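Take a look at the protein below, and keep the viewer open while you read. We'll visit a few residues, one at a time.

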Amino acid sequence: MKFEFATATRIVFGAGMLQQVGAIASELGRRTLVVTGRDPSRAEKLRALLRDRGLSVLSFGVAGEPEITTAEQGVALARAERCDLVIGFGGGSALDAAKAIAAMLANQGELLDYVEIIGRGQTLAKPSVPFVAIPTTAGTGTEVTRNAVLASPEQRVKVSLRSPLMLAKVALVDPQLTCELPPALTASTGLDALTQLIEPFVCARANPMTDGLCVEGLRRVARSLRPAFTDGQNKTAREDMALASLFGGLALANAGLGAVHGFAGPIGGSFPAPHGAVCAALLPHVMAANLHALQERQPESSALHRYQTLARLLTGKQNAEADMGVEWVRELVADLQIPPLRVYGIQQEHVPEVVAKAAIASSMKANPIVLTSEELAGTLRLAL
């Protein structure tokens with residue numbers, strides 16, 4: 001047995017912990033770039049807490065999912081203002097942009113020198129400038145991952161800037177920050193969290209340490225995603241989902257993902273489709289395809305036993321079989337009103353191109369079984 005586990009230097013979790021950000025940040029830098037989502041006003045309390053500690057604060061907003069040019073603009077701004085600390089405050093888009101900015105502030109060259117697939121894939125030479133990640137959604141787990149996902153509209157693909165040197169100095173997770181999320185965003189981000197617990201649990205690189213995180217996270221999603229969706233002010237449910245998202249991020253960064261995320265990159269790069277909604281629409285169909293392929297071609301695979309364990313965790317039934325887990329997820333996706341992928345403009349004629357890109361995506365490498373092009377195409381069509 002061999003595995004490696006790496007994460008943020010420090011994780012701070014709990015309701016109201018945003019109040020600690022001034023003390024945390026003042027130990028890391030003085031000139032702060034705060035990277036937010038499309039509504040910078042949501043970070044006003046954060047900025048006030050930083051200023052109270054005597055830190056200078058500069059804001060940079062990210063409208064939508066970040067592109068390579070978005071990160072480049074943030075780097076230019078931070079360099080011009082001599083920022084020595086980057087704080088990401090928002091959903092996965094804001095945190096990914098902040099992570100990329102922090103990395104490039106410390107390294108020479110341009111982003112294309114380092115990104116995968118469309119870039120030169122060089123290794124970062126230096127650790128990021130101090131980076132603090134503060135998620136305001138419960139889904140991506142980006143606060144504890146070692147990569148930043150960036151879109152390249154020209155190539156119609158999403159790619160990663162990836163290095164252990166990009167891990168946050170501090171991941172500050174305050175469940176109270178998620179209480180104002182609307183139901184639709186609670187649903188899509190929550191199902192992203194569920195995907196990022198299921199895929200590492202059944203993937204080819206699962207290990208005992210990530211297994212423990214996944215099992216605990218899955219239990220919390222099973223009992224709390226529906227309550228968080230129906231009552232956003234349910235503090236217990238919000239805490240469960242924030243913790244599940246954190247655990248999913250820890251697990252995927254140290255085990256791997258699978259076909260859902262293999263599809264999500266190409267789709268997100270080519271269509272105006274939110275990442276969480278894409279994962280949610282695909283999840284039950286990918287689970288069913290994996291299960292069928294394993295039963296047909298690898299009936300002795302340990303992944304089949306993991307799918308059975310997964311079903312029992314989700315349904316709460318100790319005699320549940322693997323296909324019951326798939327059905328539980330299918331019903332959850334329907335109850336949370338997740339739209340099919342066709343609402344984002346994905347049509348039958350796009351299937352071959354998306355499948356070709358998905359088949360070579362880095363996330364696909366850890367899928368519990370290699371799916372054929374025909375299986376991938378059939379799975380995608382079911383999600384349309």
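Leaving aside its neighbours within four places in sequence, which residues is N147 in contact with? Keep in mind as you look that this is a predicted model. Once those sequence neighbours are set aside, the contacts of N147 are D96, K99, S160, L161, R162 and M166. You'll find N147 in strand β6, which covers residues 147-152. One name on that contact list deserves a second look: the side chain of S160 makes a polar contact with the side chain of N147, at 3.0 Å. And is N147 buried or exposed? Its relative accessibility is 11%, so N147 counts as buried.

Now let's turn to the cysteines. A disulfide is a covalent bond between the sulfur atoms of two cysteines. How many disulfides does a search of the whole structure find? The answer is zero. C279 helps show why: the closest cysteine sulfur to its own belongs to C214, and it sits 15 Å away, too far for a bond. For a disulfide, the two sulfurs would have to be within 2.5 Å. C279 is also buried, because its relative accessibility is 0%. C83 counts as buried too, with a relative accessibility of 11%.

Last stop: H305, which lies in helix α10, residues 302-315. Is H305 buried or exposed? With a relative accessible area of 54%, H305 is exposed, since the cut-off for exposed is over 50%. Try finding E321 from there: E321 and H305 are 16 residues apart in sequence, and their C-alpha atoms are 9.4 Å apart in space.

Notes: Residues numbered from 1 in each chain as written. Predicted model: local features only at pLDDT ≥ 70, side-chain atom pairs only at ≥ 80, totals over all residues. Heavy atoms only, no water. Buried < 20%, exposed > 50% of the residue type's maximum accessible area, 1.4 Å probe, protein only. Helix = DSSP H or I, 4+ residues; strand = E, 2+ residues; numbered from the N terminus. Polar contact = N/O pair within 3.5 Å; in protein donor to acceptor, adjacent residues only side chain to side chain. Contact = heavy atoms within 4.5 Å.
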